[in-house]
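Please open the structure in your viewer and keep the selection panel at hand. The tour below moves from stop to stop, each time suggesting what to select and then describing what is there.

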Amino acid sequence: MAFSGMRAIARFLAPGLLLVLGSCQGSSAPNAHDELVIGTEGLYPPWNFTRPDGSLAGFEPDYLRVLCARIHRRCRMVAMDWDGMVGALLTGKIDVIADAVQITPERSGVLAFGRPYALTTGVIATLRGSPLAALPDGGARLDFDHRGPALDAKIAHLRNGLAGKVIGVELSGAFDTFLNQSLGSAVSIRYYRTMGERDLDLLNGRIDATLEDESYLHPLLATRDGAALVLAGPRMIGGTMGRGEALAFRPKDNALRAQFNDAIGATLADGTVRRLGLQWFRMDASPGAAR
Amino acid sequence: MIGDDVALPVLLGFGHDGWALALIAGAGLTMALSLTAMAIGTVLGALLTVAQMSRRGWLAALAQGYGLVLRGVPELLVVLLLYFGTPGLLAAIAALAGLPAPGSPPAFLTGSVAIGLVSAAYQAEVFRGGLLAVPRGQVEAAIAAGMGPFTRFRRVIAPQVLHHVLPPLGNIWQFNLKDSALVAITGLAELMRVSLVAAGSTRRPFAFFAAAMVLYLVLTSASSAVFRFAEARAGRWAGGR
Amino acid sequence: MTETRPTVLRARGITKRFGDREVLRGIDLDAARGDVVSILGGSGSGKSTFLRCLNLLELPDAGTIEIAGSPAPLAHDARGRARIANPRALNALRAKTAMVFQNFNLWSHMTVIDNIAAAPVHVHGMARAEAVARAHDLLDKVGMTGFAGHWPRQLSGGQQQRVAIARALATDPDLMLFDEPTSALDPERVREVLDLMRALAGEGRTMLIVTHEMAFARDVSSHVVHVRDGVIESMGPPALMFGPDASPVFRGFLSPP
Amino acid sequence: MMGESGTGESGFLADTALAIVAAVPVTLALFVACAVGASLLAGVLVAAQQGRVGGLVARAWIFVFRGTPLLLQIFMVYYGLAALGPVRHGPLWPAFRDPLFCAFLAMTCCCSAYIAEVLRAALAAIPPGQIEAARACGMARWTLGRRIVVPQMVRLALPAYGNELVMMLKSTSLASSVTVLDVTGVAQQVIAHSYRTVEVFCLAAAVYLGLTAALTWLLRRIERRLDPAGGR
């Protein structure tokens, strides 16, 4: 009896539920005339970060505004954790990733990269008092695209210097692969969803060091908390660590990528990238800059 | 840059560098998310209850299996699975119907559906218990008085079920409210996410997590007061509780 | 039964099985307006099931029922199981009857006055104010004046049953069914309910009463029916049934050796 | 690490399943430690509730830990407390430095609040007549507790206590949010390196389903054994 009453209710409610489900399916289908959804972390200053009012700011939000205007598309930036961003791109949640993504061989198998709009190196940061502060080859530039005995020797220095230490990196970030492949047996690696969590653990001394992009570390070191940190060891580029930051697309979205590439070329030529770099990184990070 | 050399009271305040408004907005979103999840759970839970009590064996078994799985898997995995899995699933459904891939639903919808799916499994149990607690004789009296199924449900069964299910529903609501924090991993700026972002970018984790705890306590204790009031109203006939 | 009064109940060949057990094996019973029929019988004889079949709380496997001119909308599916042919006609039929239960079955989430007014308002569409006014009159009639705002749990068993009778009267039914109305009451509460039923009988209400109260059956009924093993063993006016010419089986039931 | 190592679809799934199963001991160890810790702490809370000052403290404890999300509590213990000087420079820092310990601590505190409520309800459900009867035959306070109160409480509390344990087992997945490599943590790591979400999460979900089913079965057995009417 109770049962038949419930069934009456169910019969009454079911069409409404179907209606709701149906209407959400039809939403946000990406096509040429709709807005582009651009994924970013919003937690990677100064590339992209979230202001207290919830808005996104930094190099990439500024730069993408310029690019979207050039290709005449409406764009919307959404924040999400990096470890879900590639999945979100591939499943159509977002259309473009703009999150200081390094062009690495591993990622090139899954993603289609646009033209790089910045070129930065990776570097180790540790607490001032740490023995790691005295890592050898300080400031030297290691290019992993030019393999040879000299490079192998420097990697060996690094492996010896970091042996037994705990290194924190962002989960599936560019430096994750390098640490795994080149130092994995010597160090223990701890993974973080966001930079902020990793920074807190570095400052707390829960991890001994981090491997991170210089463009992120320079501004951090300039803060009151960051003053406790120093950079150590060589500056690394190329190989699994990538050669330059670029937008990432779905491999099939060739037309969209070509449009963006043209716009990036134009902004590199007219000095827009240089100007934004000086504003946000206090350095010219554009790929052409001689460093 | 941000968050540097700014005093804690400023960071927790309403000013340009303060996160107070963001935290309060996050609490609002947490509330909206939990309410949506609860509503989804109620509708689906009612359907599951009907299915469980169905005379069709396979339907009852299906509902039973749903409850077992959703109550046996961590809520975090349900959220993650739905967040990453729905776009592909929707695309597959659309492909079956010959339509283009519909893209992905917004994080708010994904999150509330994920929490709602779990909530439904628990609510179905509660509704079943509530229905079984209505004395059979009172239903018969309604039948004998000539009430049709809808009137019977509306006038006799529903009010009594409501009285029996309100306390356990209050518990489920509290769980929904707290489970909504898991949706933070999808990047939705609800309370947990805002406090995490603020803690990370200002490097003042204690202050911001403490602030978030206070706001959650406000939400949970305010809603338990509402439930207590509702219980008292819905249960006057049952005597002092 | 006197032919000058209109027939309120006409039941023919009522049969009911629970699984393999045949509880009712073809019962015929008529009642005219104003009849008070007491149905007696041992436990398990099928008397309560018969009563519940009349307003289709149980669906009889065979037989026909007609109440105040409306036939019960019974049909049978391919496998011979009974089902309701027309829910609307069913509710119309039930609206002409009212039932008083052994365990009162007052709706515990409604006040006394709402219990009485519920069916008139929600089944018969009467205006609420009118239904409540009538409910107050009925409360006076059953001797429960002043209890309108009480919850059922606040009443004694006898009081609850009197409210249940008021609830049954509220729709002014053509036929009232009483299913052992005093069996769940404390001995000292039985009298208040029986007195009320006696008064109703005096008003000319048509009543079918399943009961164990022999004195009541003898003094108040117009007819007494003895049910045994799912059939009517004997029936007649009380003077006959309780007199020297009664069936030996019924006499055996009245005073077991 | 993972990712390219497998050969094709089945190779990837097999590798992933192995990696996830290898993380089951972490999940189980965390669960067992929390179950023991939270139960003991809950006992203390219930005992404290019998006094006035202790009652206030216990009530506040339960209010805070039941009123906020466990995820937030884990973050609070791991990042929040670590930011406090006395913790970072105190003698307990070696423990707090460890993410597994922080997850254990937060979960123990949280679950103790829930279990305390279960125990309190069980205590209230013991018929007072039985305690009076024991007093009447001259049983000492300690004997009364050990012979009458505790056995009754265990029996009355077991179903709800079992529910809390199942909840706790599921909650261990939150430890992955502070770098613990439990079943969920490993699953997330595999996904981060392979970009294959649904299959990996389904594997992890299956592992949890197996664990909760086993725990439920075990609890059911214990319940049946303790049931004085049952025996079957």
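What follows is a walk through a predicted model, going from chain A to its neighbours and ending with salt bridges.

**Chain A as a whole**

Begin by selecting chain A, which has ten helices and 14 strands, and in which 58% of the 291 residues count as buried. If you display the contacts in chain A between residues at least 6 apart in sequence, 72% of them join residues at least 24 apart.

**The five-stranded sheet**

Next, select strands β5, β1, β6, β14 and β7 of chain A, which form an open sheet in the order β5-β1-β6-β14-β7 with mixed pairing. Which strands stand at the edges of this sheet? They are β5 (75-79) and β7 (112-113) of chain A, each of which has a single partner strand, so one side of each is left without a neighbour in the sheet. Moving inward, show strand β1 (residues 36-40) of chain A together with strand β6 (residues 96-102) of chain A; the two run parallel and are joined by two bridges. To see where they face each other, label A:Ile38, which stands opposite A:Val96 in β6(A).

**A β-α-β unit**

Now select residues 166-170 of chain A, which make up strand β10, and residues 188-192, which make up β11(A); these strands pair in the parallel sense over five bridges. With helix α6 (residues 174-183) of chain A added to the selection, β10(A), the helix and β11(A) make a right-handed β-α-β unit. Within the strand pair, A:Gly168 stands opposite A:Arg190 in β11(A). Is β11(A) enclosed by the rest of the structure or left open? Four of the five residues of strand β11 of chain A are buried, so this strand is largely enclosed by the rest of the structure.

**A buried glycine in chain A**

Go on to A:Gly277, which lies in helix α10 (residues 272-281) of chain A and counts as buried at 1% relative accessibility. Apart from its neighbours within four places in sequence, A:Gly277 is in contact with A:Phe59, A:Arg282 and A:Met283. Add A:Trp47 to the view as well, since its C-alpha atom lies 9.5 Å from that of A:Gly277, although the two are 230 residues apart in sequence.

**Where the chains meet**

Show every chain, and look for the four pairs of chains that touch, among which chains A and B have the most contacts. By comparison, no contact joins chain A and chain C, whose closest C-alpha atoms lie 11 Å apart, and no contact joins chain C and chain D, whose closest C-alpha atoms lie 24 Å apart. Then select chains A and D, where the contact takes 20 residues from chain A and 21 residues from chain D. The area buried between chain A and chain D is about 1900 Å², with carbon and sulfur atoms giving 51% of it, while the count of salt bridges between these two chains is zero.

**Two stops in chain B**

Colour chain B by confidence: its mean pLDDT is 89, and 95% of its residues reach 70 or more. In this chain, select B:Gly72 in helix α3 (residues 57-72), a residue that is buried, with a relative accessible area of 5%. Beyond its neighbours within four places in sequence, B:Gly72 is in contact with D:Lys170, D:Tyr208, D:Leu209 and D:Thr212.

Turn then to B:Arg204, found in the loop between α8 (191-202) and α9 (205-234) of chain B and counted as buried at 16% relative accessibility. Its contacts, leaving aside neighbours within four places in sequence, are with A:Arg224, A:Asp225, B:Leu8, B:Leu11 and B:Ala199.

**Salt bridges**

Finally, consider the salt bridges, of which the count comes to 34 over all chains. In chain A, select A:Arg206 and A:Asp201, whose closest N and O atoms are 2.9 Å apart; A:Arg206 is buried at 2% relative accessibility, and A:Asp201 is buried at 0%. A second pair to show is A:Asp152 and A:Arg147, whose side chains meet at 4.0 Å, N to O, with A:Asp152 partly exposed at 41% relative accessible area and A:Arg147 exposed at 57%. As a last selection, take B:Arg136, B:Glu140, C:Arg52 and C:Glu58, which are linked in a network of salt bridges.

Methods. Residues numbered from 1 in each chain as written. Chains lettered and ligands numbered in written order. Predicted model: local features only at pLDDT ≥ 70, side-chain atom pairs only at ≥ 80, totals over all residues. Heavy atoms only, no water. pLDDT = per-residue confidence, 0-100. Buried < 20%, exposed > 50% of the residue type's maximum accessible area, 1.4 Å probe, protein only. Pairing = 2+ DSSP bridges. Right-handed = clockwise from strand over helix to strand, strands pointing away. Contact = heavy atoms within 4.5 Å. Buried area = accessible area lost by both parts, 1.4 Å probe.
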